[in-house]
Amino acid sequence: MLRAPFPCIFLAVALGLVLAACQSDKKETSPSAADDPYAGWKTYTNGTLRVHYPEGHPMAAHVEEMAHVFPALMRRDAQFFQVPVPTDTIEVYFYTGVGHGHKITGTYYPYADTSVIHFWLPSNYGPIMAQLMLKRWYPGEPKFRFLKHGVRALLEFAGVNYHQRTQELIDSGKFVSLAELAADTASDDYPDTESEQIRRALGASFVDFLVVHEGIRAFGMMYSSPLPFDSTVQRMFSVSADSLQQLWLNFVPLGAHPEELGRLPPEAPPAVP
């Protein structure tokens, strides 16, 4: 049976989880090492998530919100990837801004590994938790980068219907083919140009199409495939990349208008063996 696109179901659920969260333990800690850049930072603890932030942080009012939103997003992302919700401790380092973050981490953007988040505002909570959960689900880099960018966009908790965005790109003549998306190996993790943002939106639409039709296992097979894209698609579905693109585009109007999901598109890709 055809399932509703991910954004249409899970964003509302995640918001409910955030609003429902109301209990936490607040603790203050001070690392002792004199050369530790985090010495003297405070710590706010909510379950297995700990938010560290410096004394006098100008946006300290966001700490409690962050400590509840991140666990809710983690539960939602675990449901998407069909993995257990992490029970180990997740450490969040909340910097005062990009300058502070860059001084300590050497990077200009928030980032996460499997158990640590380095975060500052203005940034969204969704993409960084998606990055952490994606690395826990599959620690390697995919051959087809648009899949990584697409799933992170899908899980960013922004309320965007990427199927509607894809339809707009088709109508405006800015659509990028599936073959072109798969061939792109240079896209940045943090898209700044219109071209990168277009590819990210299309990637999110395609990922949702694939997961809706075939589930997270099929997405995992494509995400981890070392083969060329055409070979990957042929091996998984016994169709060409062009045929798979047409099946995706057949689905886009349904994803753009979820009220129509009671009917299947004319064709669906064959099930993965």
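Which residue forms a salt bridge with K42, and how far apart are the closest N and O atoms? The first legend takes that up; every view here comes from a predicted model.

**View 1. K42 and E55 form a salt bridge.** The partner is E55, and the closest N and O atoms of the two residues are 3.5 Å apart. The pair links distant parts of the chain: K42 belongs to strand β2 (residues 42-46), while E55 sits in the loop between β3 (49-53) and α2, 13 residues apart. K42 is partly exposed, at 22% relative accessible area. E55, at 56%, counts as exposed.

**View 2. Helix α8 takes part in salt bridges through R200 and E194.** R200 pairs with E156, with 2.4 Å between the closest N and O atoms. R200 lies in helix α8 (residues 194-214) and E156 in the loop between α5 and α6 (162-171), so this pair ties together parts that are 44 residues apart in sequence. R200 is partly exposed at 22% relative accessibility, whereas E156 is buried at 9%. Then there's E194, whose side chain meets that of K174 at 2.9 Å, N to O. K174 is in the loop between α6 and α7 (178-183), so here helix α8 is tied to a part 20 residues away in sequence. Both ends of this one are partly exposed: E194 has a relative accessible area of 46%, and K174 has 41%. Elsewhere, E141, R145 and K148 are joined into one network by salt bridges that share partners. The count for the model comes to 10 salt bridges.

**View 3. W137 and F219 stack.** The whole structure holds 23 aromatic pairs. In this one, the ring centres are 5.5 Å apart and the planes differ by 5 degrees. W137 is in helix α4 (residues 125-137) and F219 in helix α9 (residues 216-224), so to speak a link between distant parts of the chain, 82 residues apart. F219 is buried, with 0% relative accessibility.

**View 4. F144 and F229 meet edge-to-face.** Their ring centres are 5.1 Å apart and their planes sit at 80 degrees; anything over 60 counts as edge-to-face, so that's the label this pair gets. The two come from distant parts of the chain: F144 from the loop between α4 and α5 (145-154), F229 from helix α10 (residues 229-237), 85 residues apart. Both rings belong to buried residues, F144 at 2% relative accessibility and F229 at 7%. Zoom out a little and ring pairs link F144, F146, F175, F206, F209, F229, W248 and F251 into a cluster.

**View 5. Helix α2 is largely enclosed by the rest of the structure.** Of its 19 residues, 15 are buried. Helix α2 covers residues 63-81, and at 1.5 Å a residue it should span 27 Å; the end C-alpha atoms are 27 Å apart, which agrees. Just after α2 comes Q82, with a positive phi near 55 degrees.

**View 6. V98, Y108 and Y109 make a nonpolar surface patch.** The patch comes to about 310 Å². Y108 is in the loop between α3 (98-105) and β5 (111-112), and at 55% relative accessibility Y108 counts as exposed.

**View 7. The whole chain, for context.** The secondary structure comes to 11 helices and 6 strands. Of the 273 residues, 49% are buried. The chain exposes about 12,700 Å², with carbon and sulfur atoms supplying 53% of that.

Notes: Residues numbered from 1 in each chain as written. Predicted model: local features only at pLDDT ≥ 70, side-chain atom pairs only at ≥ 80, totals over all residues. Heavy atoms only, no water. Helix = DSSP H or I, 4+ residues; strand = E, 2+ residues; numbered from the N terminus. Buried < 20%, exposed > 50% of the residue type's maximum accessible area, 1.4 Å probe, protein only. Areas by Shrake-Rupley, 256 points an atom, 1.4 Å probe, with all protein chains shown as cover. Phe/Tyr/Trp six-rings, centres within 6.5 Å; stacked < 30°, edge-to-face > 60°. Expected span 1.5 Å × (residues − 1). Patch = residues over 30% accessible without salt bridge, like charges linked within 9 Å, V, L, I, M, F, W, Y side chains within 5 Å. Salt bridge = Lys/Arg side-chain N within 4 Å of Asp/Glu carboxyl O.
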